[in-house]
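Visitor: I would like a close look at a single part of this protein, please. Could you walk me through it slowly, one neighbour at a time?

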Amino acid sequence: MNRYDKAFKEEAVRLSDEIGSKKAAEQLGVSYHTLQEWRKRRTLHGDGAHIGSGRAYASADKTAREIELEKEIVELRRANEILKDALGFFAKDRKR
């Protein structure tokens with residue numbers, strides 16, 4: 001499965017506005033249906049559309065910094081869980 005970055009998707013949608021979806025899809029080497037999905041997402045989500053695969057769309061209220069901080073929180077929580085597990089492992093080892 002191909003993954004395209006935000007800039008590519010935005011440019012593809014702009015091109016499809018200018019020359020039509022079928023021609024743009026052919027020129028860019030993406031399927032017509034994929035391009036149509038990107039156009040639909042732009043309509044639904046505006047500036048928050050096309051932020052990447054597998055991620056929730058940004059609402060108009062969230063800034064890029066808020067999104068970045070939310071990612072950092074998730075990463076830090078994972079790190080804390082790993083550290084807790086490691087602490088438990090070493091604490092058991094010291095009791096022997």
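Visitor: Let us take helix α3 and the residues around it, starting from a tyrosine: is Y4 buried, partly exposed or exposed?

Guide: Happy to take you there, and please keep in mind that this is a predicted model. Y4 has a relative accessibility of 22%, so it counts as partly exposed; the cut-off for buried is under 20%. Its ring leads us straight to the helix you asked about. The ring centres of Y4 and W38 are 5.4 Å apart and the planes stand at 75°, which makes the pair edge-to-face. Y4 sits in the segment before α1 (6-19), whereas W38 belongs to helix α3, so this pair ties together parts that are 34 residues apart in sequence. W38 itself is buried, because its relative accessible area is 3%. F8 joins in as well: Y4, F8 and W38 form one aromatic cluster. In total, the structure holds 4 aromatic pairs.

Now to the helix itself. Helix α3 runs over residues 32-45, and its 14 residues should span 20 Å at 1.5 Å a residue; the C-alpha atoms at its ends are 20 Å apart, so the expected and modelled spans agree. Just after α3 comes G46, with a positive phi of about 55°.

The next neighbour is helix α2. Two packed helices are described by the angle between their axes and the distance between the axes. For helix α2 (residues 21-28) and α3, the axes come within 9 Å and cross at roughly 115°. The crossing of α2 past α3 is right-handed. On the α2 side, the contact is made by S21, K22, A24 and A25, and on the α3 side by Y32, L35, Q36 and R39. Two of these residues deserve another glance: K22 lies over the face of Y32, at 5.9 Å from the ring centre.

Stepping back, we can place this part in the whole chain. The protein chain has 4 helices and 0 strands, and along the sequence they follow the pattern α-α-α-α. Of the 96 residues in the protein chain, 18% are buried, and W38 is a buried residue. If we take contacts in the protein chain between residues at least 6 apart in sequence, 29% of them join residues at least 24 apart. With Y4 and W38, you have already met an aromatic pair whose parts are 34 residues apart in sequence.

Technical notes:
Residues numbered from 1 in each chain as written. Predicted model: local features only at pLDDT ≥ 70, side-chain atom pairs only at ≥ 80, totals over all residues. Heavy atoms only, no water. Helix = DSSP H or I, 4+ residues; strand = E, 2+ residues; numbered from the N terminus. Expected span 1.5 Å × (residues − 1). Phe/Tyr/Trp six-rings, centres within 6.5 Å; stacked < 30°, edge-to-face > 60°. Buried < 20%, exposed > 50% of the residue type's maximum accessible area, 1.4 Å probe, protein only. Lys NZ or Arg CZ within 6 Å of the ring centre and 35° of its normal. Axes fitted to C-alpha atoms, helices over the stretch in contact; angles between N-to-C directions. Left-handed = near helix turned anticlockwise from the far one by under 90°. Contact = heavy atoms within 4.5 Å.
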